[in-house]
Every structure is written in structure tokens, then in C-alpha cells.
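Thanks for coming, everyone. I have two topics today: a sheet and a ligand site. Let's bring the model up.

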Amino acid sequence: MEIRLSARNIGEILQEDFCPRCFWFTHKFAIDSSNPFHFPMPSIVSLMDSFLKRIMEAHHAERNSLPPWFSESILMEIPEIPVRSLRPIKVKRWRFSIDENVLLSGTPDVMWELPDGKLFIADFKTAVFTPKQENMLPLYTAQLNAYAYLAYKLEGKETEYLALVYFEPQHKAEYDKVLKRTAAEPALGFKCRTVAVEIWDKGKIEDICQRIVGILSSPTPPPGREGCEKCKAMKNWLEEITSYLNM
Ligand code: SF4
């Protein structure tokens, strides 16, 4: 049976607290929207993403360049990028069969072509780059490298740069200034911060996918993390809820 993997979550396996058992359960028994325990995600993040993409496109169409707050933030992190010569490329949903068992898919947020034909791929994050976000780096690094892998396999293009672009809510803005803002002004601003991401050898993405296939192909859940109490809590919860369902 073909296992479908998304660029967004293959990196879960690299996280410090990764549990193969949890991973097996959440992939085999994903909670869909018809389930009463499903909570819709707040739409602010996807709204931000599409708003930012529209701004980038509009700025390029009008002035043939990136918005200054964005190009400056890129140059602060990766000074050698030729920001003035970046050509925006329309993103599409990529799907590639790594072999007869694994289909990897993903859609980058934004992508540009450099003068030498190589790519610069970036992903937007609406969050403050805190130490907690740094813990997410293995996940995001795998995500961006999966896009680079798909670009190579499906478009024949090498990637030169990968980056995370954080839009950090300025929640620590000076109150006196915020208090004076009118309804016509944004109540809260965002600061753009770019974080460069290392480029992996393409074989690493294939290795990760094969490790995931190993976990998901198991007919029974693999052992959980040693000492984790949550499985016990889940079992108790299930027993309790089942006793009511049988009433
Ligand atoms: S051991 Fe903990 S982390 Fe693993 S499946 Fe159980 S609850 Fe999840």
C-alpha cells in the first residue's frame, strides 16, 4: 500500500521528543473534521500566509523588486543573496513517488529563481523566533529540504538557499504609541525576520521517508517513549468514554 507523506510533517521523526507510537496512532487514526473532538485551527496563520504572498506578488508586479522590509531582512541573514535579481516563480503542489511505497507531496510558500537558474525557497511562519521555535528547526529544516528535493526531482532545479521567514507580532511594542493609534492604523505590527536553513544532501530526505515507512508499515503500534505517562492517561480516558458509549 502506498504511504502518502507531506513535506510539512516528515521532520517530526527528527524531533527530540519524537514517539513512534504516537506517530503511528496519529497517522493511522487521523481525526477528521466530522469528529466531535476536532477543533478547527484558527485561520489567522493561513490568512497571514496568503496576504504576504499577495503583497510580494503585487510589489514585484509594480516595482519589480521585493518589499524593502523583506529584502533587508534576507540580507541581514544571507548577505550574498542577489535580492535585486530574484525572479519569482509560481509555486505548485508537487507530488513525487520516491518508490512504489512512498508518495511525497508539498507546496512551498514562496520561491524565486537566481540568475544562475538555482532556487531560493522560503516558508512563512507567523510566530516570534523564541527558543521554543528553535526546537522546531528540525521539523522546518526537513520541510524546506523536502521542497528542495521535490524541486530537483520534478523540475530538475537545484536549490541554493532555504530560509524561514518569521513575521513576529510586536506584542512588546511601547504601549503609549499603540494607545495613540487610530482605527485607520494597524493596532499591532509585525516584524520580518529571516532565518537561513541548511541544505541537506537529497539522500537524507529519502532516508527519513524510508524510516517513516518502516514505522507506518507496522500492523501494530510500535512501543512508546519510555516513561511517558500520557499513554496511560489516554487508555483511562478511552475506557471511561467507552463505558458511556455502551450505555
Ligand atoms: S508513549 Fe507518550 S508520546 Fe508515545 S504514544 Fe504514548 S502518549 Fe504518545
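**The sheet, then the ligand shell**

Strand 3 and strand 4, residues 102-106, pair in the antiparallel sense, over four bridges. Keep in mind that this is a predicted model. Here is one pair to find on screen: Phe96 has Leu104, in strand 4, as its bridge partner.

Now the whole sheet. It is open and has three strands. The order is 1-4-3, and the pairing is mixed. Why is one side of strand 1 and of strand 3 left without a neighbour in the sheet? Strand 1, residues 3-6, and strand 3, residues 94-97, stand at the edges, and each has a single partner strand, so one side of each stays without a neighbour there. On average, neighbouring strands of this sheet are turned by 20 degrees against each other, direction ignored.

What packs on the sheet? Helix 7, residues 202-216, does. Helix 7 touches strand 1 and strand 4. The direction of helix 7 makes about 130 degrees with that of strand 1.

Over to the ligand. Which residues surround it? From the earlier part of the chain numbering, please look for Cys19, Arg21 and Cys22. Then come Gly224, Arg225, Cys228, Lys230, Cys231 and Met234. By class, this shell has five nonpolar, one polar and three charged residues.

Which helices supply at least two residues of the shell each? Helix 1, residues 20-28, and helix 8, residues 230-245. Helix 8 gives the most, with three residues.

That's the tour. Questions, please.

Methods. Residues are numbered from 1 along each chain as its sequence is written. This is a predicted model: local features need pLDDT of at least 70, side-chain atom pairs count only at pLDDT 80 or more; totals for chains, interfaces and linings use all residues. Two strands pair if DSSP finds at least two bridges between them. Axes are lines fitted to C-alpha atoms, for helices over the stretch in contact, and angles run from 0 to 180 degrees between N-to-C directions. Two residues are in contact if their C-beta atoms, placed from the backbone, lie within 7 Å. A residue is near a molecule or strand if its C-beta atom, placed from the backbone, lies within 6 Å of it. Ala, Val, Leu, Ile, Met, Phe, Trp, Tyr, Cys and Pro count as nonpolar, Asp, Glu, Lys and Arg as charged, and the others, Gly among them, as polar.
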